[in-house]
Amino acid sequence: MEVDKNWISNNVSSITISAIKEMAIRSAKIENVASLAWGLPSFRTPEHIRYAIEQRLESDPDIGKYALPDGLPELREAVAKKHLAATGISVDPDLNVMITCGNMQGLNSLFHAIIDPGDEIVVTDPGFASHFQQIRLCGGKPVFWTLDETRDWQLDVDSLPNLIGERTKAIVLVSPSNPTGKIFTEEELRCVGKIALDHDILILLDDPYCHFTYENQDRYFNLSSVPELTNHIAYLFTFSKTHAMSGWRLGYMIVPERIKREVLKVHDATIICTPRISQVAGLVALTEEPVHLRTFEDILARRRSLICQRLDAVPHIFQYIKPEGAYYVFPKFTTDQVDSVNFSIKLLETAKVAVTPGSAFGPSGEQHVRMAYCVSEETIDKAFDRIGALFPG
Ligand SMILES: Cc1ncc(COP(=O)(O)O)c(C=O)c1O
């Protein structure tokens, strides 16, 4: 008798490929698209990093070999030093530092380590789409913490305790935020920290955009600098954005000792280690002066001004809140009654402009689109010229 076997696990069949990649795949099939869909910076990996790797490829006989599962000791030491300088918190390279293949992989290991089926993770809504998928992939449930656009997407600290129950394991935070560009205030973040402590849950701080804060640098607050939270916080940094190293797949986590032990098992059972060549590049990135950062931020600041100018000029199509950091803006479209997926498809198919539908970032993202302005000014202009032609004022 033939057995109709379902080969695909519920955890996998319940998720979809993210709308960000979906739009990237769709737009790759159309010629001459002006894409604001993917948060992939246009920059090259800085020259000093490329040059150092070129040398090491020839001179280091171990460059092509596995590394320890938690990363090269010298890189973990450099990470601990950087963390101390940035936060005043001293961490042990062996007990607390874990080198990852970027924040997605780091979070994936963390979620595997902490989620049992049915467990809940609080995520901001809007929040980063891939977090939701990763949680579901581990059999967990994302619990949406709704942020209010009319209050500038700030954290609604008062509503947080109501979302925390028996099954809550962690809260995920990203500031500056993807997709809104919001930088949460120190006061808000400290309140979240206190709530996490009171309920004995973890905070997962996914921090790709800490260096892209423009004139709002003073508003950026790293919650992992609070000494009382060191046992309740996992801090994740990635080289993808600040060092234009997204393809190297490199990041690190600072985690409590008890978490590192568990994460290490997941990491070992899945990826074995982060590629050594990327770790060597990371060591260069951390030990040499990051001279490129100023240039990256200046260029992104110009692109931010440009995209805001272009949005200001089309109030009949979009309303938006000026992003404070990262390189995303999350306008609400006012022109069309279709949902954000159909609006994005219409833009792609009729105007050859790729954006990401806001619904991918949570229920509050509906009627919005995410635009990534890490692309050239020419691309931003082209996208807005086309949108303007599609919806004349
Ligand atoms: C909030 C957030 N987390 C993680 C990532 C992915 O980072 P990585 O390249 O380090 O995996 C992104 C990339 O867009 C992001 O915006």
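**Contacts, burial and surface in the model**

Reader: What makes the pair formed by Asn 103 and the ligand a polar contact?

Author: A polar backbone atom of Asn 103 and an oxygen atom of the ligand are 2.7 Å apart. A polar contact is a pair of N or O atoms within 3.5 Å, so this pair qualifies. The model is predicted: local features require pLDDT of at least 70 and side-chain atom pairs pLDDT 80 or more, whereas totals for chains, interfaces and linings use all residues. Residue numbers start from 1 along each chain as its sequence is written, and side-chain values rest on heavy atoms, without hydrogens or water.

Reader: Which distances place Lys 241 and Arg 249 in polar contact with the ligand?

Author: A polar side-chain atom of Lys 241 is 2.9 Å from a ligand oxygen, and a side-chain N or O atom of Arg 249 is 2.7 Å from one. The protein covers 92% of the 400 Å² of accessible area (Shrake-Rupley method, 1.4 Å probe) that the ligand has on its own.

Reader: How do you know that the span of helix α5 is close to the expected one?

Author: Helix α5 (a DSSP run of H or I, at least four residues) comprises residues 103-114 and reaches 16 Å from first to last C-alpha. The expected span is 1.5 Å times one less than the number of residues; for these 12 residues it is 16 Å, so the two agree closely.

Reader: Why is Leu 137 called partly exposed?

Author: Its relative accessible area is 32%. Buried means under 20% and exposed over 50%, so Leu 137, in between, is partly exposed. Leu 137 lies in helix α6 (residues 129-137).

Definitions and conventions. Helices (H or I, at least four residues) and strands (E, at least two) are DSSP runs, numbered from the N terminus. Buried means under 20% relative accessible area, exposed over 50%, partly exposed in between (1.4 Å probe, protein chains only). A polar contact is a pair of N or O atoms within 3.5 Å; within protein, one must be able to donate a hydrogen and the other to accept it, and residues adjacent in sequence count only if both atoms are side-chain atoms.
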